[in-house]
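Me: I would like to learn how to read a few features of a protein model, taking them one at a time. Could you guide me through the helix packing, the strands and the pockets?

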Amino acid sequence: MNQTFAQPGSLPAAPVKKHRNLAQGVVAAITSSIQAGTLKPGEKLPTESVIMEMHGVSRTVVREAISHLQAAGLVQTRHGIGTFVLEPPAASLRISSETIRTIADVLAILELRISLETEAAWLAATRRSEAQVAEMGAVLKRIQESQSRPGSVESDVAFHLLIAQATGNRYFVDILSDLGHTIIPRARVDSAQLAHDDPNVYLERLNREHEDIYNAIARKDAEAARAAMRTHLSNSRERLRRAQEGMASKDA
């Protein structure tokens with residue numbers, strides 16, 4: 001298979017703190033190959049070992065890169081078989097992050113997400129595979145470990161996209177992928193600061209909300225998954241609504 005990946009040893013060994021940048025490099029290379037048509041829909045990616053050799057990176061870096069590609073809806077891993085390139089999403093909802101400028105804009109996105117993701121959580125709980133639950137658990141752990149760092153936003157996005165993928169309905173993935181980082185309010189505004197919440201309390205609450213969603217999906221409790229997702233998104237909306245009202249009263 002003719003690839004545009006880097007040759008073995010082209011990247012030096014890197015300490016753990018550089019894993020994220022190395023993973024982004026692998027993501028960029030594979031994404032470029034997909035967009036250029038070198039890797040075609042339905043085609044299998046090289047094995048983890050081959051990608052490690054091509055880029056001179058660790059297995060951890062490769063798995064993180066594959067996780068990002070899955071979250072972006074570019075590839076799908078069939079456990080025991082391999083990772084395959086997905087068909088490009090059909091023309092669908094396009095919302096540029098450039099248009100999300102105000103708290104009101106973020107609130108509007110949250111309203112859209114509540115209607116979409118509560119049902120996505122319900123479907124995910126009824127259709128998810130054990131492998132998908134394991135992936136969600138791994139990403140949830142990353143969220144908790146990096147909660148106060150910039151990388152937590154990427155993991156948060158990945159968690160919600162994994163739920164969308166578990167529905168078995170590509171259009172949930174398409175829409176959330178189009179929304180990108182706009183699906184995570186704190187990627188656009190400092191929700192805790194605006195709502196005058198203690199940052200640690202705020203992050204602990206986010207952790208509990210994510211855990212409730214994950215646990216409900218893991219035990220295949222569709223109604224609980226739907227309720228947990230609604231609670232999570234509604235809490236985000238309420239925090240931002242209070243922040244918006246507080247800012248309006250100051251301007252009055």
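Reply: What follows takes helix pairs, then a hairpin and a loop, and then a pocket, in a model that is predicted.

Me: How should I read the packing of two helices, and at what angle do H5 and H9 pack?

Reply: Two packed helices are described by the angle between their axes and by the distance between those axes. Here H5 and H9 pack at an angle of about 170 degrees, with 11 Å between their axes. Because angles over 145 degrees count as roughly antiparallel, H5 and H9 are roughly antiparallel to each other. On the H5 side the contact is made by Val133, Met136, Gly137, Leu140, Ile143 and Gln144, and on the H9 side by Asn207, His210, Glu211, Tyr214, Ile217 and Ala218. By class, the residues of this contact between H5 and H9 are 7 nonpolar, 4 polar and 1 charged.

Me: At roughly what angle do the axes of H2 and H3 cross?

Reply: The axes of H2 (residues 48–55) and H3 (residues 59–71) cross at roughly 110 degrees and come within 9 Å. Since 65 to 115 degrees counts as roughly perpendicular, H2 and H3 are roughly perpendicular to each other. Glu48, Ser49, Ile51 and Met52 of H2 make the contact with Arg59, Val62 and Arg63 of H3, and the residues of this contact divide into 3 nonpolar, 1 polar and 3 charged.

Me: Turning to the strands, in which sense do E1 and E2 pair?

Reply: In a regular strand the side chains alternate between the two faces of the sheet. In this model E1 and E2 (residues 82–85) pair in the antiparallel sense over 4 bridges, and Val75 has Val85 in E2 as its bridge partner. The hairpin has 3 residues between the strands, and Gly80 in this hairpin takes a positive phi near 90 degrees. A positive phi is also found at Lys220, a residue other than glycine, where the value is near 60 degrees; Lys220 lies in the loop between H9 (199–218) and H10 (222–251).

Me: How is empty space found, and how many residues line the second largest pocket?

Reply: Rolling a probe the size of a water molecule over the atoms shows where empty space is left. The second largest pocket holds about 540 Å³ of space. It is lined by 28 residues, of which Val75, Gln76, Leu86, Gln165 and Val173 are the closest to its centre. E1, H5, H6 and H7 each give two or more residues to this lining, and the largest share, 5 residues, comes from H7. By class, the lining has 11 nonpolar, 12 polar and 5 charged residues.

How values were computed:
Residues are numbered from 1 along each chain as its sequence is written. This is a predicted model: local features need pLDDT of at least 70, side-chain atom pairs count only at pLDDT 80 or more; totals for chains, interfaces and linings use all residues. Side-chain values use heavy atoms; hydrogens and water are left out. On a 1 Å grid over the protein atoms alone, a cavity is a set of points where a 1.4 Å probe fits but cannot get out, and a pocket is an open set with protein on both sides within 12 Å along at least five of seven lines; lining residues have an atom within 4 Å of a point. Grid points are joined across faces, edges and corners, and a volume is the space filled by probe spheres set on the points. Ala, Val, Leu, Ile, Met, Phe, Trp, Tyr, Cys and Pro count as nonpolar, Asp, Glu, Lys and Arg as charged, and the others, Gly among them, as polar. Axes are lines fitted to C-alpha atoms, for helices over the stretch in contact, and angles run from 0 to 180 degrees between N-to-C directions. Angles under 35 degrees count as roughly parallel, over 145 as roughly antiparallel, 65 to 115 as roughly perpendicular and the rest as oblique. Contact means heavy atoms within 4.5 Å. Two strands pair if DSSP finds at least two bridges between them.
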